[in-house]
Amino acid sequence: MVESLLMYLKVLLVGGAICMIGEIIIITTKITSARILVLFLMIGAVLGGFGAYSYIAEWAGAGATLPITGFGSALAAGAITGAKTNGLFGALSGGLIATSAGIAVSIGLSYLVALFVSSKTKKN
Amino acid sequence: MNRKIGDQTFELVSKPTIIGTGCFVGEKEAYGPMGKYFDGYSSDDTLGQDSFEKAERKFFERAINIALRKTRLKPTDIDYMIGGDILNQLVSTNYTARDFQIPLIGVYGACSTMSESLALASGLMSGGVGKTVLCLTGSHFSAAERQYRNPLEFGNQRQTYSQWTATGAGCVILGSGDGPKITKIAFGKVTDYGVSDIANMGAAMAPAAYQVLKAFFIDTKTIPRDYDIIATGDLGKLGSDILRDLLMKDGYYLGQNYMDCGHSLFNSEQKTFQGGSGAGCSAIVFSSYLFEKLKNKEINKMLLVATGALMSTTLNQQGETIPCVAHVVEIMNLKEKVNG
Amino acid sequence: MNNEKRNQNYLKYVEQKSPKASWFKSLFHAFLIGGAICCFGQMCGDIIKSYFPLMDILLIGTWINVIVITLTILLTAFGVFDKIARFGGAGTIIPISGFANSISSCAIEFKKEGLVFGLGAKMFYIAGPVIANGVAYSLIVGIVYYILQILAVV
């Protein structure tokens, strides 16, 4: 029980801290959301490429895998795993295979939902 | 002949009268402090249309119909209309003109369109081109948002210095007869002080208002205190404060008689941060609140200085800063004394 | 006075004149919402684990992502997500929910321009750069690793 609570505390701390760093960058540099996403993705990919991100993910669970940095590291780590098992073909396809479920759901479900929903005007 | 005074100002000889106005706004605007002055509002800001661009056109249509009804004119009585909007290729104005079959001069002045079309129309009329002319502009929050910023459902935080595009259209009909008259006009120079943040429109546009107002005061040898009201378009609270500071440096003090249409459009509970923006701001506030005060002779001498940020999202992404422009229109209730 | 100097002075003046967002408040909101989304993900992971104890940790991570993405898209469709985001700021953008929201909000917004050039093309207006960059990085990492493998470095 204590262990599981401790885990959640770690998730909250790491997840919250990553978001907080994002907020600091947004406030100080005023960059747009798309840029901040790309920036964090890149950081994640670099950390993932050097194998460092998996340690953070092991320690903090969803606190590290859910932020977009986790997505970036999964892309890099996937490519490495692919290169190990399937050679050049694996190196080319590994990243997308590792993240394919998330991308497919994002695109596919958005497409389906958009067929039925229209954007609503905002009150504030 | 119309007379040019100084560098940028023209004094009109035959002064056109504002014979009637009409405006139609969205729900948020109607619940704001100016709410009771508007001619009509709709709580459904799509007005039954399937896209926000088409809805904006409907707002234009309703504003024109209200103005025509108030002045008892038919579309065929209008010689031509001058107008614009902030959507690409002035779609709302063009399609409205198609539906009404009134000859159109489309102008793009971004949010300065109201004073730009009033100035152009009165200059042309003073030169004998047209007897009854309609000026039209407006904006729509949702249509502007999807063209200039992000999709409506996109989750991000709005900056504390940002403004809220007003939903609404205003229409002003110029003719002859009794009523408030347009006496002087001044076209502004495009001014760019290097602001590139598209959320900070007020800071980008304030220098443009400063440029043209200063030129106007010098040309006409007046000071801000000579006017009952000086109304800028959509500088918002921040932009107005900057304009005050800029003019103050040159010794022009904007006092209680200064207002900003955008800032006065919403109250602080409506979470618009600096207030309203968009071409609709000056259009709806001028065609309702300000015109009513002019008509009731509560104010007799005013300046309308709508400011426009002539930005393009493409050029902004290429790293360009935001060029801005503002135009001054002097409106007076002329009594016995002629030529103000 | 030359324009460049004037502009520099003006921008400095604007910067100091513009109202600032409260640092503490925005950071706290980002931390809270971001942390909460991650904790929710962890909870989903624990539930999955209790039913499928043998499931691979990477697969559980993928499932967590899929669940959060699905919920985000549904919240976006109901017009609720942007209200949470207005409160949470980076707390909703940085987790995978920001990515899902950027795709679904664009899809919903631009479907009026048709299914091909509207929905199909413009749904990647914001998320496109993320996918493009991501795939490019993964390709570079993969090829570099492959070459290092051949050179027997790793």
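This is a short walk through the three chains named here, A, B and C, and the places where they touch.

Hello everyone, and thanks for coming. A word on ground rules: this is a predicted model, where local features need pLDDT of at least 70 and side-chain atom pairs count only at pLDDT 80 or more, while totals for chains, interfaces and linings use all residues. Residues are numbered from 1 along each chain as its sequence is written, chains are lettered from A and ligands numbered from 1 in the order in which they are written, and side-chain values use heavy atoms, with hydrogens and water left out.

Let's start with chain A. It has 5 helices and 0 strands; helices here are DSSP runs of H or I with at least four residues, strands are E runs of at least two, and both are numbered from the N terminus. Read from the N terminus on, the order is α-α-α-α-α. How spread out is chain A beside a compact globule? Its radius of gyration is 17 Å, well over the 14 Å that the globule rule gives for 124 residues, so chain A is more spread out than a compact globule. That radius is taken over C-alpha atoms, and the rule is 2.2 Å times the number of residues to the power 0.38. The C-alpha trace of chain A spans about 55 × 40 × 35 Å along its principal axes.

Now look at chain A beside chain C. Contact means heavy atoms within 4.5 Å, and by that test 68 residues of chain A meet 67 residues of chain C. Together they bury about 5,700 Å², with carbon and sulfur atoms giving 77% of it. Buried area, by the way, is the accessible area (1.4 Å probe) that two parts lose on being put together, summed over both.

What about charges and polar groups? Between chain A and chain C there are 2 salt bridges, a salt bridge being a side-chain nitrogen of Lys or Arg within 4 Å of a carboxyl oxygen of Asp or Glu. Lys122(A) and Asp82(C) make one, at 3.4 Å from N to O. The count of residue pairs in polar contact between chain A and chain C is 13, both residues at pLDDT 80 or more. A polar contact is a pair of N or O atoms within 3.5 Å; within protein, one must be able to donate a hydrogen and the other to accept it, and residues adjacent in sequence count only if both atoms are side-chain atoms.

Which elements of chain A give two or more residues to the side that touches chain C? They are α1 (2-29), α2 (33-49), α4 (62-65) and α5 (68-116). The largest share, 27 residues, comes from α5(A). By class, this side of chain A has 46 nonpolar, 17 polar and 5 charged residues. Here Ala, Val, Leu, Ile, Met, Phe, Trp, Tyr, Cys and Pro count as nonpolar, Asp, Glu, Lys and Arg as charged, and the others, Gly among them, as polar.

On to chain B, which has 10 helices and 15 strands. Its radius of gyration is 18 Å, which agrees with the value near 20 Å for a compact globule of 340 residues. Its C-alpha trace spans about 60 × 50 × 35 Å along the principal axes.

Chain B is assigned domain 1 (3-175) and domain 2 (181-332), with bounds from an automatic or database domain assignment. Their centres, over C-alpha atoms, are 16 Å apart. The contact takes 61 residues from domain 1 and 66 residues from domain 2. About 5,100 Å² is buried between these domains, 64% of it from carbon and sulfur atoms. Gln8(B), Tyr161(B) and Gln163(B) supply 16% of what domain 1 buries there, more than any other three residues. The rule finds 0 salt bridges between the domains, but 25 residue pairs in polar contact.

Finally, where chain B meets chain A, 17 residues of chain B face 9 residues of chain A. The two bury about 1,000 Å², 48% of it on carbon and sulfur atoms. In chain B, Leu152(B), Glu153(B) and Trp164(B) lose the most area to chain A, together 34% of what that side buries. The rule finds 1 salt bridge across this interface: Lys122(A) with Glu153(B), their closest N and O atoms 3.1 Å apart. So keep an eye on Lys122(A), as it pairs with Glu153(B) and also with Asp82(C). Thanks for listening!
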